[in-house]
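Thank you all for making the time this morning. I would like to walk you through one structure, going slowly from place to place, and I will leave the display up while I talk.

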Amino acid sequence: MEENILIAEDDKFLRLIIVEILKHQKYNVIEAEDGQKAIDIIESEDIDLAIVDLIMPKIDGFELIKRIRNNPEKAHIPIIILSALSENKNIVKRISSGADIYLSKPIENEILLANIKNLLKRNKIIQDIDSLTHLPGPLALQEKFKRLKNNCNKGVFIYTDFDNFKEYNDNYGFEMGSKFIYEYGKILVDEKSKLNLYNFSIWHIGGDDFAILIENSLEYKTYLYNIINIFKEKRLSFYKQEDKDKNHITAKRRNGLYRDYSILTISSVVIFIDKLKVLGSEQFDNILIETKKKAKAIKGFSLATAKL
């Protein structure tokens, strides 16, 4: 999908030049010749990035940026300032205005495009942060894989999810399910901080699925052992006493019949990677899928491993 970029610039000639540069890169460009029109567009359109001139009629760039940042629904929009101002007092004002990047006129095309690309990518990752666990999500995971595409170091990729979580959610409700997810995410982060390991990343892929990557090391046992044991202890606090006594819950299936489901356990997949550059490849995806199936075929807390 094309990103929507607003260009707020009163210099018609410069505005047209920037518009042509951006359209050539397949961006969807929306123009505003003054600050008031830019505000109207911001409030009515889904804008992915704004390029703002500081000196404009009706409302200047400083006020425009202030209004964007004070609007909770629009404050996330990346902003690039264009200006010919060079005095020190104006530099300080620009920096404190809330803009992300300042570019001086005349504009260099390559620098402008590089900044746009980086800001759009960064913003997608920022918005991909899960609101429940505050961990990065699948977009951030994909970006990590891209950054490792030339990396020949070893590592360990771990993928975990709960067993029978849907049935737990159906019985106990979304709020309790969310508390369970939050607590597990916290365990993952807390145990990471206790280990003397660098280049250690955690992602919340969605639902009850989490991914962990340990770079430049094949040491994972202590970490995985700790999180599983802590989870075993804490999980029971999320159940009613009657279910704890039975060691299972009884849930209604789609066919209308009832079935017993065990207290939540974790299925874990560990893939030992000889060269991290294979992450995200078709070969990696296939091995991950097959190893997850093996883990799910084992009852209770399970671990399936593979090498790549």
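Let me begin with Gln 25, which lies in the loop between α1, residues 12–24, and β2, residues 28–32. Please keep in mind throughout that what you see is a predicted model. With a relative accessible area of 40%, Gln 25 is partly exposed. If you look for Glu 233, you will find that 208 residues of sequence separate Gln 25 from it, and that in space the two are 54 Å apart, C-alpha to C-alpha.

The loop between α1 and β2 also holds Lys 26, and here the backbone deserves a look, since Lys 26 has a positive phi of about 70° although it is not a glycine. Is Lys 26 buried or exposed? Its relative accessible area is 61%, and because exposed means over 50%, Lys 26 counts as exposed.

A positive phi appears again at Asn 216, where the value is near 60° in a residue that, once more, is other than glycine. Asn 216 sits in the loop between β8 and α9, and at 38% relative accessibility it is partly exposed.

One further backbone detail is the cis peptide bond that joins Lys 105 and Pro 106, with omega at about -5°. Pro 106 belongs to the loop between β5, residues 101–104, and α5, residues 109–127.

Let me turn now to helix packing. Two packed helices are described by the angle between their axes and by the distance between those axes. For helix α8, residues 174–194, and helix α9, residues 221–234, the axes come within 10 Å and cross at roughly 145°, and the crossing is right-handed. Which residues make the contact? On the α8 side they are Phe 180, Glu 183, Tyr 184, Ile 187, Leu 188, Glu 191 and Lys 192, and on the α9 side Tyr 223, Asn 226, Ile 227, Ile 230, Phe 231 and Lys 234. Sorted by class, that contact has eight nonpolar residues, four charged ones and one polar one.

That brings me to the aromatic rings, of which the structure holds 20 pairs. In the pair of Phe 165 and Tyr 168, the ring centres are 6.3 Å apart and the planes stand at 15°, so this pair is stacked. Phe 165 and Tyr 168 are three residues apart in helix α7, residues 165–172, which means that about one helical turn separates them. Both Phe 165 and Tyr 168 are buried.

Tyr 184 and Phe 210, by contrast, form an edge-to-face pair, at 5.2 Å centre to centre and with 75° between the planes. This pair links distant parts of the chain, with Tyr 184 in helix α8 and Phe 210 in strand β8, residues 209–215, the two being 26 residues apart. Tyr 184 and Phe 210 are both buried as well.

If we step back, these four residues belong to one aromatic cluster, whose members also include Phe 162, Tyr 172, Phe 180, Phe 231 and Phe 301. Two lysines can be placed against rings of that cluster. The charged end of Lys 232 sits over the ring of Phe 301, 4.9 Å from the ring centre, while Lys 240 lies over the face of Tyr 172, at 5.6 Å from its ring centre.

That is where I will stop, and I am happy to return to any of these places on the display.

Definitions and conventions: Residues are numbered from 1 along each chain as its sequence is written. This is a predicted model: local features need pLDDT of at least 70, side-chain atom pairs count only at pLDDT 80 or more; totals for chains, interfaces and linings use all residues. Side-chain values use heavy atoms; hydrogens and water are left out. Axes are lines fitted to C-alpha atoms, for helices over the stretch in contact, and angles run from 0 to 180 degrees between N-to-C directions. Helices (H or I, at least four residues) and strands (E, at least two) are DSSP runs, numbered from the N terminus. A crossing is left-handed if the near helix is turned anticlockwise from the far one by less than a right angle, and right-handed if clockwise. Contact means heavy atoms within 4.5 Å. Ala, Val, Leu, Ile, Met, Phe, Trp, Tyr, Cys and Pro count as nonpolar, Asp, Glu, Lys and Arg as charged, and the others, Gly among them, as polar. Rings of Phe, Tyr and Trp (its six-membered ring) pair if their centres lie within 6.5 Å; planes under 30 degrees apart count as stacked, over 60 as edge-to-face and the rest as tilted. Buried means under 20% relative accessible area, exposed over 50%, partly exposed in between (1.4 Å probe, protein chains only). A charge sits over a ring if NZ of Lys or CZ of Arg is within 6 Å of the ring centre and within 35 degrees of the ring normal.
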